[in-house]
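Student: I would like a close look at a single part of this structure, namely its salt bridges. Please take them slowly and then show me what else is there.

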Amino acid sequence: MDRQSTRGEYRVGPGASSLLLIFVAVCLTTVGILTLISALADSRMSDRSMAHTTAYYEATARAQREIGVLDGQLKSAREQARNDAFAYQNAVKALAGDQIAMKVEPEGDDAMQITFYVPIETDNHLEVAMRVPLQLTGPRYQVVRQVAVNTADWTPDETMDMFGEGQPSYGDDEAMSEPGDDDIVVVPSIGEGETIQDEGE
């Protein structure tokens, strides 16, 4: 009896436990590597976001300083023009930015628009537009726009076939034809409680 019971037993050798231990170690190593890669990617993204945010607010502060400079120039131009609106208009046209790209354009007959640009990053700048009334009384300016603009060239990806094979595509010289009278389907209106009956009934 002892010999038969011994022959029917199944024993797990030391090799199986070693394989299980290696498998668990490989799984834990893989999870650790993936976690590290994800953490590094999040860190790089956070650094880029922080750098962009810092550059944006530095450009905003520089724009506010430039607005202050322009306000002083407008005040001085008003004092020098006195009651001569034409002289004040010429003084506004002659305004120049403090090492900042600027343009002055007329906005109707009673105001000028001053637009200047403050660089943020390589492909971004802050665009600020000020409306300057030509009246010699009242507010000297009004900021009508302050927005970040992307100046990088955008190239569309034309390598992907959006329609797929066998679908109609229209070239530059082709145009979709207008629907004719035979293509128009008239649907009768249905009142409350009415139904459409088939012609066969």
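Tutor: What follows starts with the salt bridges and then moves on to the core, an aromatic pair and a surface patch.

The model is predicted. In it, the count of salt bridges comes to five. Three of them are described here, beginning with the two that share Arg131.

The side chain of Arg131 meets that of Glu107 in a salt bridge, with 2.7 Å from N to O. Glu107 sits in the loop between strand 1 (101-106) and strand 2, while Arg131 belongs to strand 3, so this pair ties together parts that are 24 residues apart in sequence. Arg131 also forms a salt bridge with Asp110, and here the closest N and O atoms are 3.8 Å apart. Asp110 lies in the loop between strand 1 and strand 2 as well, so its pairing with Arg131 in strand 3 ties together parts that are 21 residues apart in sequence. Glu107, Asp110 and Arg131 are thus linked in a network of salt bridges.

Are these residues buried or exposed? The answer lies in between, because partly exposed covers the range from 20% to 50% relative accessible area. Glu107 is partly exposed, with a relative accessible area of 28%. Arg131, at 25%, is partly exposed, and so is Asp110, at 36%.

Another salt bridge joins Lys103 and Glu105, whose closest N and O atoms are 3.9 Å apart. The cut-off for a salt bridge is 4 Å, so this pair counts. Lys103 has a relative accessible area of 35% and is partly exposed. Glu105 is partly exposed too, at 36% relative accessibility.

Now for the interior. The largest nonpolar core has 21 residues. Tyr88, Val92, Ile114, Phe116, Leu126, Val128 and Met130 are the residues with the most contacts inside this core. Two or more residues each come from helix 2, helix 3 (85-93), strand 2 (111-121) and strand 3 (124-133). Helix 2 gives the most, with eight residues.

Tyr88 can be followed further. Leaving aside residues up to four places away in sequence, Tyr88 touches Leu74, Ala77, Arg78, Ala81, Val132, Pro133, Leu134, Gln135, Leu136 and Arg140.

Next come the aromatic rings. The structure holds one aromatic pair. The ring centres of Tyr56 and Tyr57 are 5.3 Å apart and their planes lie at 80°, so the pair is edge-to-face. Tyr56 is partly exposed, with a relative accessible area of 27%. Tyr57 has a relative accessible area of 54% and is exposed.

Last is the surface. Leu20, Phe23, Val24 and Leu28 make a nonpolar surface patch of about 430 Å². One of them, Leu20, is found in helix 2 (residues 14-81). Leu20 has a relative accessible area of 55%, so this residue counts as exposed. Helix 2 therefore takes part in two of the features above: it holds Leu20 of the patch, and it gives eight residues to the largest nonpolar core.

To return to your request, the part to remember is the network of Glu107, Asp110 and Arg131. Its two acidic residues lie in the loop between strand 1 and strand 2, and Arg131 lies in strand 3.

Key
Residues numbered from 1 in each chain as written. Predicted model: local features only at pLDDT ≥ 70, side-chain atom pairs only at ≥ 80, totals over all residues. Heavy atoms only, no water. Patch = residues over 30% accessible without salt bridge, like charges linked within 9 Å, V, L, I, M, F, W, Y side chains within 5 Å. Areas by Shrake-Rupley, 256 points an atom, 1.4 Å probe, with all protein chains shown as cover. Helix = DSSP H or I, 4+ residues; strand = E, 2+ residues; numbered from the N terminus. Buried < 20%, exposed > 50% of the residue type's maximum accessible area, 1.4 Å probe, protein only. Core = buried A, V, L, I, M, F, W, Y, C linked by side-chain atoms within 4.5 Å. Contact = heavy atoms within 4.5 Å. Phe/Tyr/Trp six-rings, centres within 6.5 Å; stacked < 30°, edge-to-face > 60°.
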